[in-house]
Amino acid sequence: MGRLSVTLCGVGLDNPVIPASGTFGYGYEFAELYDINVLGTFSFKGTTLEERFGNPTPRIAEAPAGMLNSVGLQNPGVEKVISEELPKLRKCFHKPVMANVSGFSLEDYARTCALLDREEQVGWLEVNVSCPNVHGSGMSFGTDPAAAASVVRAVKAAAKKPVIVKLTPNVTDIVSVAKACEDAGADGLSLINTILAMRIDLRTRKPVLANTMGGLSGPAVFPVALRMVYQTARAVKIPVVGMGGVSSAADVLEMLMAGARAVEIGAANLTDPYACKRIIEALPGEMDKYGIGTLAELTGG
Amino acid sequence: MLQSLFEIRENEPVARDVWRMTLAGDTAAITAPGQFVNVRLEGRFLRRPISVCDWREGELTIIYKVLGAGTAEMTGFPAGKTLDLLTGLGNGFDPSEGGDAPILIGGGVGVPPLYGLAKRLLALGKKPRAVLGFNTAAEVFYAGEFRALGCPAVLATADGSLGVRGFVTDALPEDYSYFFTCGPEAMLKAVYRKTKTSGQLSFERRMGCGFGACMGCSCKTVTGFKRICREGPVLRKEEIVWDD
Ligand SMILES: Cc1cc2nc3c(=O)[nH]c(=O)nc-3n(C[C@H](O)[C@H](O)[C@H](O)COP(=O)(O)OP(=O)(O)OC[C@H]3O[C@@H](n4cnc5c(N)ncnc54)[C@H](O)[C@@H]3O)c2cc1C
Ligand SMILES: Cc1cc2nc3c(=O)[nH]c(=O)nc-3n(C[C@H](O)[C@H](O)[C@H](O)COP(=O)(O)O)c2cc1C
Ligand code: FES
């Protein structure tokens, strides 16, 4: 066990740094830049049952210390991910990868997870419950404890790998959603997804995003994310992966101190393609500063 | 793609609200005209994508228009200041295609990448001509630089203050073997409709990363989804699908 190693749902990680879904593609853009095996693991682009183009452009806007996106889950669909992306990834990444899954119905989630569950490369299923339920109210599954729990039960029945439920911060009480997921059998939780936000272009007097609204991420959301990780980690027994605005080794330590077992890093990869590598390299020095011997000391394992 | 530091050599206005910046640094990642760099600005989260106007070993030039706060701030950067750039982004134009007499059609700050392209077309022994469109005479730049290369340049201004009154499509010659174009999307669409030959069009999109990681810049084409920052910004005429 190295100084940086942690365990996530029974699977060991060399370090707790995990590029977040949607900011790292399927890995190989970054593999051209550095050896991505230095990562703990990474969460690949949100994958759905069918191919999706996503929302119209513009899909990106800037914010003070952050960005908005309304990409809308563009991905080639689970079958192509398995037949094309995973074989390419196998050549440059030799660790278990986190498979991020989205769906618009319980059946979507279950079928997509069942297919990815069979792939040897997949170590964890990260189930993004921030998507709207097209058969239900149209509200996101993750904003209602009962709906989130129903996704967890559907996925747990379809898959054997550890299921990490990715929670949306766009709720009044994230703890009640977290507990409902734990009770429904989730093996872990990850949070936060992006915060619903909007920008208007003064020149055109119209929203910058074609979709009007999008999700805010980046350093701007860090204290909000930290607070939610803290509240959630205290309320559940399953491991919590913290994310939202993490952009330095110090931020990683802060997230772990708030109760996270591991940390995902999103928007920082987009503005500094070497962000995760740099953060991993800076971690030991940062730990020395605060007299932290091993990360397991902070995370409890 | 390469992330590296560049030092500003020169930063001067070339027309109203249009500035040219020359930067010294490692240009090894730049392989084609029409590629772009993504410029990090202190205190602003997203990088600013700007086309490479011209480059040689150890030096590159960009030409930027003051649009919002970021580009306004850039006009204050002194020589000697260092900037963090991602270089070698995008596919760029392929100058080897399209016969001996291509036409280069540029609008506003779509003109700069065509300058680097003109140089490379001339080096291939081709005879490019340019049609450059601007709003008004005060915003015109680089017509002289194109001519100095040996590439004839016709001007069009929307208000008629210089050259042909109207748009680039009003100033196109009859005979050309191919076209290369860069400019606002409305202009690209007009060029697409007006031109009779095949060609290459360079697009703009709001970008999250500029190197293919975020899917922020996608578009539909006849051969599937493409990322403007990676499989673009240059698309072939035949593959374009307009949004509306
Ligand atoms: C591939 C490519 C090449 C480009 N080449 C040039 C060039 O050679 N010269 C030039 O003057 N401009 C060019 N642009 C446009 C340039 O990126 C924007 O004008 C610039 O980002 C505006 O920044 P700002 O801070 O002044 O504006 P703000 O409006 O304050 O910027 C806010 C955010 O919106 C983005 N944004 C605003 N307008 C645009 C736009 N038109 N395209 C893309 N992003 C935008 C900014 O990057 C930033 O993230 C290019 C754009 C792309 C995509
Ligand atoms: C461009 C972009 C695309 C994203 N796509 C997904 C996605 O497909 N699935 C998902 O669960 N989260 C997605 N996210 C959310 C991130 O994984 C992360 O939860 C969020 O951005 C907060 O972390 P950050 O502040 O470090 O970016 C996306 C974020 C961004 C910026
Ligand atoms: S801007 Fe991120 S993929 Fe093109």
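Reader: How far is the side chain of A:Asn128 from an oxygen atom of ligand 2?

Author: This is a predicted model. A polar contact needs a pair of N or O atoms within 3.5 Å. In A:Asn128 the side chain supplies an N or O atom, and ligand 2 supplies an oxygen atom. The separation is 3.3 Å.

Reader: Which residue places a backbone N or O atom 2.6 Å from an oxygen atom of ligand 2?

Author: Backbone atoms also reach the ligand. A backbone N or O atom of A:Gly46 lies 3.2 Å from an oxygen atom of ligand 2. The 2.6 Å distance belongs to the backbone of A:Gly245.

Reader: What percentage of the accessible area of ligand 2 does the protein cover?

Author: The backbone of A:Gly245 lies 2.6 Å from a ligand oxygen. On its own, ligand 2 has 600 Å² of accessible area. The protein covers 97%.

Reader: Which chains surround ligand 2?

Author: The shell holds 24 residues, and the closest include A:Ser21, A:Lys166 and A:Ala267. Residues from more than a single chain take part, so the site is shared. The contributors are chains A and B.

Reader: How many residues of the shell around ligand 2 are polar?

Author: The shell is split by class. Nonpolar residues number 8 and charged residues 2. The polar count is 14.

Reader: Is A:Lys95 buried or exposed?

Author: A:Lys95 sits in the loop between α2 (78-92) and β6 (97-101) of chain A. Its relative accessible area is 17%. The cut-off for burial is under 20%. Because 17% falls under that cut-off, A:Lys95 is buried.

Reader: Which side chain forms a polar contact of 2.6 Å with the side chain of A:Lys95?

Author: Residues touching A:Lys95 include A:Asn37, A:Val38, A:Gly40 and A:Gln121. A polar atom of the A:Lys95 side chain also lies 2.7 Å from the backbone oxygen of A:Leu39. The side-chain partner at 2.6 Å is A:Asp14.

Reader: What distance separates the C-alpha atoms of A:Lys95 and A:Gly215?

Author: Along the chain, these residues are 120 residues apart. In space, their C-alpha atoms are separated by 30 Å.

Reader: What area is buried between chain A and chain B?

Author: Contacts join 36 residues of chain A to 30 residues of chain B. Carbon and sulfur atoms give 59% of the buried area. The total is about 2600 Å².

Reader: Which residues of chain A lose the most area to chain B?

Author: The area buried between the two chains is about 2600 Å². Three residues together make up 24% of what the chain A side buries. They are A:Phe53, A:Glu62 and A:Thr271.

Conventions. Residues are numbered from 1 along each chain as its sequence is written. Chains are lettered from A and ligands numbered from 1 in the order in which they are written. This is a predicted model: local features need pLDDT of at least 70, side-chain atom pairs count only at pLDDT 80 or more; totals for chains, interfaces and linings use all residues. Side-chain values use heavy atoms; hydrogens and water are left out. A residue is near a molecule or strand if one of its heavy atoms lies within 4 Å of it. A polar contact is a pair of N or O atoms within 3.5 Å; within protein, one must be able to donate a hydrogen and the other to accept it, and residues adjacent in sequence count only if both atoms are side-chain atoms. Accessible areas come from the Shrake-Rupley method with a 1.4 Å probe; for residues, only the protein chains shown count as cover. Ala, Val, Leu, Ile, Met, Phe, Trp, Tyr, Cys and Pro count as nonpolar, Asp, Glu, Lys and Arg as charged, and the others, Gly among them, as polar. Helices (H or I, at least four residues) and strands (E, at least two) are DSSP runs, numbered from the N terminus. Buried means under 20% relative accessible area, exposed over 50%, partly exposed in between (1.4 Å probe, protein chains only). Contact means heavy atoms within 4.5 Å. Buried area is the accessible area (1.4 Å probe) that two parts lose on being put together, summed over both. Lists of a residue's contacts leave out its neighbours within four places in sequence.
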